[in-house]
Amino acid sequence: MFTVPMMSPEVEKLVNAGKLSRADGEKLSNLPVGAFCQHKSWGAGRIAEWDLLGDRVVIDFEGKPGHPMKLGFAAGSLEPLASDHILARRVGDLPALQSMAKERPADLVTLALKSSGKTMSLDALEGLLIPRVIKEADYKAWWSAAKKALKDKRHIVVPAKRTELLVLRDEDVRHGNAMLDDLRNARDLKAKLNALARIQKDLDLFENHASDLIPVFQELDTTVRKSWKLQLKEALNLLLSRDELLDSAKGAKLPEGSLTVEQLLRDARPQLADAVNGLPVALLSRVYKAFPAAFPDRAWVQESLNHLTKTGGRAVAEIAAVLDANDEIDLLADFLKKAVRNRQLSTDLLIWMCKERKGKAEGVFDMDLGNAIISALEDDHIAGGPKRTGRLHDAFAEDIGLVGEMVGDADADELRLFAKRILSSPVFDELTRRSLMGRLIKHGRRRRN
């Protein structure tokens, strides 16, 4: 911050004469002509003139040059800016900042962070640079280039998400230790996940994976054990991400007694299906591949089948893949047939069966499935839909070959009843009804020929 070691003699005369308080006199002395300053409403500026006899200071604000302020008001409302602050440089030498943005974007980000206490949001960075340093239309491309330039600046943490902060670390700090500190200091599980993602991204900054990652694994183990009963989804995400890190780290091992994914799955069994919903796609495979070890003696099969009607569409594909890999695909077909008859299929599972009609769901892809789909659409329509079944409606109505393949084994009477149901269903508009009927008629002609 710009400081003056003692009160200006001219200002001290005003203080002694009782025209200015000593506190305001000291503040005003920190704002000599040429000093940079900031006002909450008018932004950054530079002191252009002292007019002590006229009881005023003149400031050249950005976009508001020659603005006068009374001495007392100036002392109370202006904050001095150091000459190397980005706002001071924006006022004093804007062309130099614009040149830095083009030629040295990483240095510009570093300057912004140093001027903002070493942490700032991406929105705050935009606020500093747009529109004076970088035009709004050019900012997106500039930021993409800046991120590439920052990849080699390991002391600057670039957030993976917009809600996270840019961070400037001391360059002489061992970066692995700094990332461990970030993990330990994270206040909630979401913040710990973000810190863990940065460790995974910059794993090469840990010199010895076998030893340097032990504190990371210990911190994660402690966190998950304390939190999973109240925040199962986030805790499971954290544990699965830990195992991803373990797979990437050369020579690293979990400390003895560490909580395993299989243990957590067993302990959290009653809440598990709900927690799995919303996990990142990359982690779902890890969850269901752990089922055979988590639920031994083939208990995992029924546990997996129970999840089929409760979890999202992404999980359905992973469950089917694990069943298939363990030679249990016949049980999947039996389960799906019963679920179709009992109308117990989730929207996601119905969509998956349509997509897998020539694959894992081939044995249950028939007109009964078509009736189950229409029933699900009608139930949603009665409830004020489409709330949950918009994607299912699109899958049924827009896939040109779907309906024809669905009625491939139906006889004439079954086909007639199915067509009648489509025509009478309120879930299809007139254009969709005509399109579906056209496909059924086309299929019927193919059969007769």
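Buried means under 20% relative accessible area, exposed means over 50%, and partly exposed lies in between. Keep these cut-offs at hand for the exercises below, and remember that the model is predicted.

**Exercise 1. Classify both partners of the salt bridge between Glu126 and Arg162, and place them in the chain.**

Step 1. Start with the contact: the side chains of Glu126 and Arg162 meet at 2.5 Å, N to O. This is within the 4 Å cut-off for a salt bridge.

Step 2. Now locate the partners. Glu126 sits in helix H7 (residues 122-129), while Arg162 belongs to the loop between strand S7 (156-157) and strand S8 (165-168). The two are 36 residues apart, and the pair links distant parts of the chain.

Step 3. Finally, check the accessibility. Arg162 has 44% relative accessibility, so Arg162 counts as partly exposed. Glu126, at 24%, is also partly exposed.

**Exercise 2. Do the same for Asp368 and Arg343.**

Step 1. The salt bridge between these side chains has an N to O distance of 3.6 Å.

Step 2. Asp368 is part of helix H22 (residues 367-382). Arg343 is found in the loop between helix H20 (329-341) and helix H21 (347-355), and the partners are 25 residues apart.

Step 3. Asp368 is partly exposed at 30%, and Arg343 is partly exposed at 38%.

**Exercise 3. Find out which class Arg357 and Glu405 each fall into, and what their salt bridge ties together.**

Step 1. Look at the contact first: Arg357 and Glu405 form a salt bridge at 2.7 Å, N to O.

Step 2. Arg357 lies in the loop between H21 and H22, and Glu405 in helix H24 (residues 402-406), so the bridge ties together parts that are 48 residues apart in sequence.

Step 3. Arg357 has a relative accessible area of 13%, so Arg357 is buried. Glu405, at 32%, is partly exposed.

Step 4. For the wider picture, the structure has a count of 22 salt bridges. Glu62, Arg90 and Arg132 are linked in a network of such bridges.

**Exercise 4. Describe the setting of Lys148.**

Step 1. Lys148 is located in helix H8 (residues 136-150).

Step 2. The relative accessible area of Lys148 is 62%, so Lys148 is exposed.

Step 3. Together with Lys147, Lys151 and Lys201, Lys148 forms a positive surface patch.

**Exercise 5. How many disulfides does the whole structure contain, and are Cys37 and Cys354 buried or exposed?**

Step 1. Recall that a disulfide is a covalent bond joining the sulfur atoms of two cysteines.

Step 2. Searching the whole structure gives zero disulfides.

Step 3. Cys37 is buried at 0% relative accessibility, and Cys354 is buried at 4%.

Terms used: Residues are numbered from 1 along each chain as its sequence is written. This is a predicted model: local features need pLDDT of at least 70, side-chain atom pairs count only at pLDDT 80 or more; totals for chains, interfaces and linings use all residues. Side-chain values use heavy atoms; hydrogens and water are left out. Patches are made of residues with over 30% relative accessible area and no salt bridge: like charges are joined within 9 Å, nonpolar side chains (Val, Leu, Ile, Met, Phe, Trp, Tyr) within 5 Å. Accessible areas come from the Shrake-Rupley method with a 1.4 Å probe; for residues, only the protein chains shown count as cover. Lys and Arg count as positive and Asp and Glu as negative; His and the chain ends are not counted. The place of a charge is taken as NZ of Lys, CZ of Arg, CG of Asp or CD of Glu. Helices (H or I, at least four residues) and strands (E, at least two) are DSSP runs, numbered from the N terminus. Buried means under 20% relative accessible area, exposed over 50%, partly exposed in between (1.4 Å probe, protein chains only). A disulfide is a pair of cysteine sulfur atoms within 2.5 Å.
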